[in-house]
Amino acid sequence: MSSIQTTHAPAAAPGHGLPASLILLLAAGAGLSVASLYYAQPMLGVLGADIGASTRAVGFIPTLTQLGYALGILLLAPLGDRFDRRRIVLIKAGALCAALLAAGAAPSIGVLLAASLAIGLAATMAQDLVPAAATLAPDATRGKTVGTVMTGLLLGILLSRVVSGFVAEHFGWRAMFIAAAASIALIGAAAWRGLPRFRPTTHLAYGALLGSLGTLWSRHGTLRRAALAQALLAMGFSAFWSTLAVMLHGAPFHLGSAAAGAFGLAGAAGALAAPLAGRLADRRGPELVTRLGAGLALVSFAAMGLAPLMTPHAQLWLLALAAIGFDLGMQAALIAHQTIVYGIEPGARSRLNAVLFTSMFIGMATGSALGALVLAAWGWAGVTALATATAAAALAVRLWPRQAT
């Protein structure tokens with residue numbers, strides 16, 4: 001492509017895919033950077049006790065992380081159109097590494113909350129690597145390449161909980177943040193050597209670049225509908241994952257961080273099935289997939305309401321099955337919403353993506369905050385009711401008759 005200059009990595013030849021090493025770098029970078037958002041979640045039960053913080057205060061760790069990510073997507077992701085994306089990736093890798101080290105060394109909840117916000121901002125490196133894959137890949141293999149990088153991103157989200165739960169249980173929660181910083185440092189070094197340079201695709205000033213996001217929002221009802229439905233699904237998703245460790249830490253389970261993290265394996269099973277949703281969207285249309293995804297999330301969350309009728313062992317199985325169901329529903333809806341949004345204005349895909357993902361992570365931050373408050377006030381039944389209600393609202397948005405954009 002004329003908009004790209006490569007330095008260390010070769011460009012793809014016409015008719016051929018990118019080198020496997022470059023695809024692996026993009027996928028691993030996306031997965032490890034976005035994983036930084038979720039390492040803390042399975043550790044909240046032991047983390048709070050270690051630093052003497054209340055359940056409510058600890059609940060704001062995932063809230064600030066998700067909020068930082070949403071702000072980063074809104075304020076930083078559009079810069080990929082304006083500056084060399086390689087340089088942005090390297091700067092964010094350095095910032096993310098520093099923020100993770102600060103979290104690992106945090107002496108108090110205040111410092112940890114500030115570090116969590118910084119982690120969210122810098123972890124938007126993932127949102128620079130996915131469009132980088134789309135830009136570098138030739139037309140014939142673009143879908144496959146982007147799909148591979150997105151798989152890395154989704155696995156980073158879900159397997160991060162498994163890894164952090166294990167590490168925290170055996171080496172302590174601070175060790176997890178230090179190990180995460182080391183992984184980002186390795187990705188940064190690999191990106192410095194292997195990621196090609198990108199020429200800017202626009203010369204809009206920063207203010208005008210951000211202003212165009214509002215223009216896109218007001219112009220396209222299809223974008224608003226997709227963003228609202230995905231944000232609602234993200235609220236229930238985040239309310240579940242951000243409170244699960246605290247719930248399992250108490251009666252009747254009394255389980256540690258490793259058990260909470262192991263539930264990420266159930267979510268990973270759902271994410272690996274998500275490519276099926278992409279093929280279904282190609283054949284039957286993305287609108288159907290958004291409704292199926294929201295419906296599956298609704299049924300999965302509602303099923304958790306049966307937990308009080310079961311033994312503790314049966315409840316754990318129910319939670320695992322529900323996690324598979326709503327994670328699959330969430331990812332299927334996201335893939336379909338991306339398909340819808342990218343078709344609105346092909347020339348503004350990165351900014352449309354920023355609007356969609358900003359909305360989704362605002363939903364996640366809201367879900368984390370509400371989840372912590374609801375858990376403290378009404379227990380796990382309240383969290384289940386919250387997640388069910390948000391999934392039902394998302395389905396209602398997708399079923400509402402469409403209007404012209």
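Here is a short conversation about how some labels in this predicted model are earned.

Reader: How do you know how confident the predictor is in this protein?

Author: The mean pLDDT is 84, and 88% of the residues reach 70 or more. Over residues 1-15, though, the pLDDT is below 50. That stretch has 35 contacts in the model beyond near neighbours in sequence.

Reader: Good to know. Why is threonine 358 called buried?

Author: Buried means under 20% relative accessible area. Threonine 358 has 7% relative accessibility, so it counts as buried. Threonine 358 sits in helix α15 (residues 349-399), and it touches Ala70, Ile73 and Leu74, not counting residues up to four places away in sequence.

Reader: What makes the link between threonine 358 and alanine 354 a polar contact?

Author: The cut-off for a pair of N or O atoms is within 3.5 Å. The side chain of threonine 358 reaches the backbone oxygen of alanine 354 at 2.6 Å, so the distance meets that cut-off.

Reader: Why is tyrosine 342 called partly exposed?

Author: The class lies between under 20% for buried and over 50% for exposed. Tyrosine 342 has 25% relative accessibility, and therefore counts as partly exposed. You will find tyrosine 342 in helix α14 (residues 312-342), in contact with Arg349 and Asn353 once neighbours within four places in sequence are left aside.

Reader: What makes aspartate 84 and arginine 197 a salt bridge?

Author: The test is a side-chain nitrogen of Lys or Arg within 4 Å of a carboxyl oxygen of Asp or Glu. Here the closest N and O atoms are 3.6 Å apart, so the pair passes. The pair links distant parts of the chain, 113 residues apart: aspartate 84 is in the loop between α3 and α4, and arginine 197 is in strand β2. Aspartate 84, at 14% relative accessibility, counts as buried, whereas arginine 197, at 31%, is partly exposed.

Reader: And how do you know that lysine 92 and aspartate 128 form a salt bridge?

Author: Their N to O distance is 2.8 Å, so this pair also falls within 4 Å. Lysine 92 lies in helix α4 and aspartate 128 in helix α6, so the salt bridge ties together parts that are 36 residues apart in sequence. Both residues are buried.

Reader: Why are glutamate 287 and arginine 291 said to be about one helical turn apart?

Author: They are separated by about one helical turn because they are four residues apart in helix α13 (residues 286-303). Their side chains meet in a salt bridge at 3.4 Å, N to O. Both belong to a network of salt bridges that links Arg225, Glu287, Arg291 and Arg398.

Key:
Residues are numbered from 1 along each chain as its sequence is written. This is a predicted model: local features need pLDDT of at least 70, side-chain atom pairs count only at pLDDT 80 or more; totals for chains, interfaces and linings use all residues. Side-chain values use heavy atoms; hydrogens and water are left out. Helices (H or I, at least four residues) and strands (E, at least two) are DSSP runs, numbered from the N terminus. Buried means under 20% relative accessible area, exposed over 50%, partly exposed in between (1.4 Å probe, protein chains only). A polar contact is a pair of N or O atoms within 3.5 Å; within protein, one must be able to donate a hydrogen and the other to accept it, and residues adjacent in sequence count only if both atoms are side-chain atoms. Contact means heavy atoms within 4.5 Å. pLDDT is the predictor's confidence in each residue, from 0 to 100.
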